[in-house]
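Colleague: Please take me through this structure, starting with how its parts meet.

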Amino acid sequence: MGMIFEVSKQGKRGVTLPGKDVPVSSEVPKGYLRSKEAGLPSVSEPEAVRHFTSLSNKNFNVDSNFYPLGSCTMKYNPKITEKVANFERFSSLHPLAPQLIKGGRLAQGSLEVLYETEKALCEITGMDEFTTQPMAGAHGELTGIMMIAAYHSHKKNKKKYVIIPDSGHGTNPASAAIAGYEVKSIRSNDEGIMDMDEFKKHLSQEVAAVMLTCPNTLGVFNPHIKEISDLAHEHDALMYYDGANLNAILGKARPGDLGFDVVHLNLHKTFATPHGGGGPGSGPVGVKKDLIPFLPVSRVEKRQDGTFSLNYDEPLSVGYVSPFYGNFSVILKAYVYIYLLGKEGLIDASESAVLNANYLKSELKDSYDIPFDKNCLHEFVISALKQSKKGVRALDISKALIDEGIHPPTIYFPLIVKEAMMVEPTETESKATLDWFIGIMKSIARLAEKDPEHFKSLPQKAPVRRPDEVKAAKEMDVAYL
Amino acid sequence: MTYIPLSEKDRKDMLEAIGIKSGKMDDLFKCIPSELRAKSFNIEPGRSELETEKYFRDLSKKNITDLVCFLGGGFYDHYIPAAVDAIVSRPEFYTAYTPYQPEASQGTLQAIYEYQSCICRLTGMDASNASLYDGGTALYEAAMMALRVTGRNKIIMDGGVSPIYRKMLYSYTKNLSIEFVETPPAHGQSDRDEIAKYLDDKTAAIILQNPNFFGAIDDHTDIAEKCHAAGALVIESVYPISLGVLKTPREMNVDIATGEGQSLGIPLSFGGPYLGFMAVKKELIRKMPGRIVGATEDLDGRRSYVLTLQTREQHIRREKATSNICSNEALCALRALVYMCLVGREGFKEIASLCMDKAEYAKQKLEGIKGVEVKRSAPTFNEFIIRLPKDPNVVIGKMIERGITPGFPLGRYYDDLKDYMLIAVTEKRTKREIDVFAAVLEEVLWG
C-alpha cells in the first residue's frame, strides 16, 4: 500500500491550532532558522486515520492471532491495565514535579505506585531491593552489570570476565561487553544446561559475574543452580539472573532463594504489559542487601507519616541510568496486573503456561525432533532437522504457519540447536487453540514429507511474500526523501 | 481476576496427556529440586476488575495535575491530538512484537519506515534508526558510536547539554576508559574558546545541544567545521518541535543528531516511556546502533519492508554487537509518526512560532516585575532563564500553592545558578495564563 507521503497534498491539515493570542512576535535572526521547511506530510485527520488503520491490519498481534514466539512471552494484555494507565492524573504528571520544593505532594500517587511495585517485585523474586529505572530488559542487564562493576571496584576486586552459557540471550554478552567486561562463553551439555566441568575450568578470581537464565532458553531448569552459585560466591563472583523467563516459576522458585545477587525482570513478559510492536518495555533490577548502595538514583522512599519522597543522595550509587524513574506507565500496568491476579492468579499463570508448553511438546514430538526431551517449563525448542533433510527448513515452516494465521515460533534461536523453533504458548491460550496448532504443525510435517517443493512458494496469503533481505541490506533504502 | 481460558476438564485431560496421573498442577514443577522451591510468596489475594479500577482511580487522585505548567527542562506539556491516542490504542499495533517475520508485520515495519523518513525530513539527516529508549540513552549511544567510528577516546561535552543526560552518560561509561572534558555551563551560546582549548587529535566527538538546556539557540556550523578539521564527529541533541523553524543539524553539518521525542505526541507520564531518536549522515548508517527498517521487494516485486542490517545486532553478534539494545520504543515512535503527520508541514511551523511568540510575551511580562532579570544573552526558542531576587525554591513552593508550576530551579544542578529559574512556554499556554503567572510571581515576590 502507498506511503503517507503519497497521500499528502499541499494545504491539507490533520489538526487546527488556536490562533496567536499574544501581541508580540519573537525576532530570531535568520541565521538561526532553517532554510526550507521540513517536508512533513500534509494530510487530513480522516486520511491519516484510514492510512494507519490499514497499516495496523497488516500486523499479526496477540488480540487476533496465536503468537507462540519463544522467549518473548506473547500473552494476552488485560484491557483494564490500559485503561488505568490512561487515567489523566497518571499520564499528564511532569517528571520534574517531585524535584521541586512542595512538588512532592503533586506526585504522591505515582511515587506510591513505584514504591509498591518495587515491594511486590522483591517478594516475587526473593530480592531485598528493586529499582524500576531501567527502560527495557537489555537496559536492566546493563544496569545490573554496572552495579556489579561498582561493587567490585568498591571492594577493590580485580575482575575481568563475565561467564555466560552459550544458550544465553544475545543481550547478555552484549551488555557485559559494553560495560567493560570480557565474555567467557560456556557450552551446554546434552541435557541442555551449562556444562559443569567447563564452568569450573573457567571460574577464577577474575570472574566478576555469572549470568544465567533460569529456566534457560530451552525451557530447562538447571538443578545444579545452587552449586553454581556457591562456587561463584567462593570466587567472589556475583550471580546475575536474566529474568526473561521468570513467568515459568512464579510462586515455585525465586532467584533470591537460588543464590542470585542481581536480577532483572521484563515487565512486558511476566507481567503482561503490551509489547507495542517492539517496545516500550521495562526492565526493573533487584538486588541482595550487599548491592543496595550501588542502586541507581533516585530511590523512592516512604516517610514515617506514610508519604513518599525521592532520595538522590547515595554516594556509592552507579548514578542515573534513566532520566527519571523508568518507563512509568509500563511499570503502572505491571503493578495493576499483580494487583488483579494476586498470589493465586500469579501461580496459576505459571502453572498454566507450563502445562500448555508441556502439552504442546508431548503432542508434537512424533512429528518433530526434540533435542532436549526432558520436562520443560514454559517453553521448549523443537528442531526442523528432519524436515530440513527434505529441503523444508524452519524458515519455510514459519511461512506455512503465517498462511494459517499463526505467528511463527522464534526460529534459529537458541543458536546451539540446528533448525531451532522455540515455542512458548503462554497461559492465555485455550486447549482448543493448542489443539488447532498441533493439527496444523502435524499436517505441515506430513506435507514436508510428501511435497517439500510446495513450501518454496509460501506464504500465499500474506500481504507480501518473502521480501528480499539481501537487497534491503545492500541498497539501504531507509527513508523516503 | 484470571485471564486463563483452561477449564478444569481441560487441565485434567492435558495433565493426563503428558503423563501426570496425579492431576496436580504442581507436579509440573518436579524438575525443580524441593530444596530450591520458593521460601515465601507473600502476595495479597487477587481482586476483581471493579475493585482494581476503583483502587487505582483513588490512587491517581493522590497526584495533582491541574496546575498550569511552565515546567520544561527537556520535557514539555504540548497538545496531543486525539487521533494519536486512537491509533496507538489499536491492539493490532500495541499487542504485536518486534517485526522479525516481515510477512506478519508489514504494518509495524511500514510505520517505522515512515517514522524514520519523518525524522530525516525534520532533522535534515540521511538516515534514522527505529528509535532508542529516550533522549539520554540516544546521546550515550551516539557517543559510543563516535568512539567506534574514530577509534579515539576523548569526548568534549558542551556546557549547554542537559545535566540529566550528562549524568546518564557518565554513569554508563564509568567502567570504560573514556576521557570526558566539559566546557563550563554557558547560559548563552556554546563557548567557542573553551571548545578550541580541548579539541585535539584524540577527540572522538563533541556533544552539543540546541536549543541548549538554558533555552539558548545557537548555530553550531563553525564548531562543526573546526571539529571536522580535527577529525572529530559532531553530535547534537535537538528538540524536535523547535525544528519547525530552527536551523537543522544537517544545515550545521552535524554527523549524528539525537533527541528526546516526548514532545511529539507522547504524554509526560511521569518520565516514561519516551522516545530517543537518532539520525545520521549517509556514511555512518552502517555504524548506527538499534533496529533499522529498510524497503525492498518481495517475490512478486511488491514494495515491502524488513528489519535490515541485523548482523550488527546482539542476537547475532553477541558480545561483538554495536549495542546491547534489543527493542526500540516502537509504540512511542508510532505516536511520534502519527503526531508528525497530523500536525504536518504547516502545523509544525505554526506550533514552533506559537511557542516562540508566547515565550517572548512571557519574557516581556516578567521583565516588568521589580527585581526579575530575564537573561537575553542569546536568542531562545520556548524556554529561557530568569534571575530572581529571592530564593527560587521558596518562590516555586509558593506558586505551586497558588496553582502554577512556574519552572525549574537551576540550583538543583548548578551551584552557581542558585538564583535562576528555567521557564518553558508551549503552545498550550494562553495569554491569560501568562498574565496570571506574572501577577502571581509579582505577588509572591513583593505582595
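The turns below cover domains, chains and salt bridges.

Colleague: Into which domains is chain A divided, and what separates their centres?
Modeller: The model is predicted. In chain A, domain 1 covers 82-339 and domain 2 covers 349-465. Taken over C-alpha atoms, the distance between the centres of these two domains is 31 Å.

Colleague: Which three residues of domain 1 of chain A supply more of the area buried against domain 2 of chain A than any other three?
Modeller: The contact takes 24 residues from domain 1 of chain A and 20 residues from domain 2 of chain A. Together the two domains bury about 1500 Å², with 60% from carbon and sulfur atoms. Of the area that domain 1 of chain A buries there, 32% comes from A:Thr217, A:Leu218 and A:Asn247.

Colleague: What is the N to O distance in the salt bridge of A:Glu351?
Modeller: Across the interface of domain 1 and domain 2 of chain A, the rule finds one salt bridge and seven residue pairs in polar contact. On the side of domain 1 of chain A that touches domain 2, eight residues are nonpolar, 12 polar and four charged. A:Glu351 pairs with A:Lys252, and their closest N and O atoms lie at 2.7 Å.

Colleague: How much of chain B counts as buried?
Modeller: Chain B has 13 helices and 15 strands, and its C-alpha trace spans about 85 × 55 × 50 Å along the principal axes. Among its contacts with a separation of 6 or more, 72% are between residues 24 or more positions apart. Of the 447 residues of chain B, the share that counts as buried is 65%.

Colleague: What area is buried between chain A and chain B?
Modeller: The contact involves 207 residues of chain A and 187 residues of chain B. Carbon and sulfur atoms give 63% of the buried area. The area buried between chain A and chain B is about 17400 Å².

Colleague: Which helix gives the most to the side of chain A that touches chain B?
Modeller: Between chain A and chain B the count is 13 salt bridges and 95 residue pairs in polar contact. By class, the side of chain A that touches chain B has 113 nonpolar, 55 polar and 39 charged residues. With 26 residues, the helix that gives the most to this side is α11 (residues 328-364) of chain A.

Colleague: Why does the salt bridge of B:Glu53 and A:Lys83 join two chains?
Modeller: The side chains of B:Glu53 and A:Lys83 meet at 3.1 Å, N to O. B:Glu53 lies in helix α2 (residues 49-60) of chain B, whereas A:Lys83 lies in helix α3 (residues 79-85) of chain A, so the pair joins two chains.

Colleague: Is A:Asp396, the salt-bridge partner of A:Arg466, buried or exposed?
Modeller: The side chains of A:Arg466 and A:Asp396 meet at 3.0 Å, N to O. A:Arg466 lies in the loop between α14 and α15 (469-475) of chain A and A:Asp396 in helix α13 of chain A, so the salt bridge ties together parts 70 residues apart in sequence. A:Arg466 has a relative accessible area of 18% and is buried. For A:Asp396 the relative accessible area is 3%, which is under the 20% cut-off, so A:Asp396 is buried.

Notes:
Residues are numbered from 1 along each chain as its sequence is written. Chains are lettered from A and ligands numbered from 1 in the order in which they are written. This is a predicted model: local features need pLDDT of at least 70, side-chain atom pairs count only at pLDDT 80 or more; totals for chains, interfaces and linings use all residues. Side-chain values use heavy atoms; hydrogens and water are left out. Domain bounds come from an automatic or database domain assignment. Contact means heavy atoms within 4.5 Å. Buried area is the accessible area (1.4 Å probe) that two parts lose on being put together, summed over both. A salt bridge is a side-chain nitrogen of Lys or Arg within 4 Å of a carboxyl oxygen of Asp or Glu. A polar contact is a pair of N or O atoms within 3.5 Å; within protein, one must be able to donate a hydrogen and the other to accept it, and residues adjacent in sequence count only if both atoms are side-chain atoms. Ala, Val, Leu, Ile, Met, Phe, Trp, Tyr, Cys and Pro count as nonpolar, Asp, Glu, Lys and Arg as charged, and the others, Gly among them, as polar. Helices (H or I, at least four residues) and strands (E, at least two) are DSSP runs, numbered from the N terminus. Buried means under 20% relative accessible area, exposed over 50%, partly exposed in between (1.4 Å probe, protein chains only).
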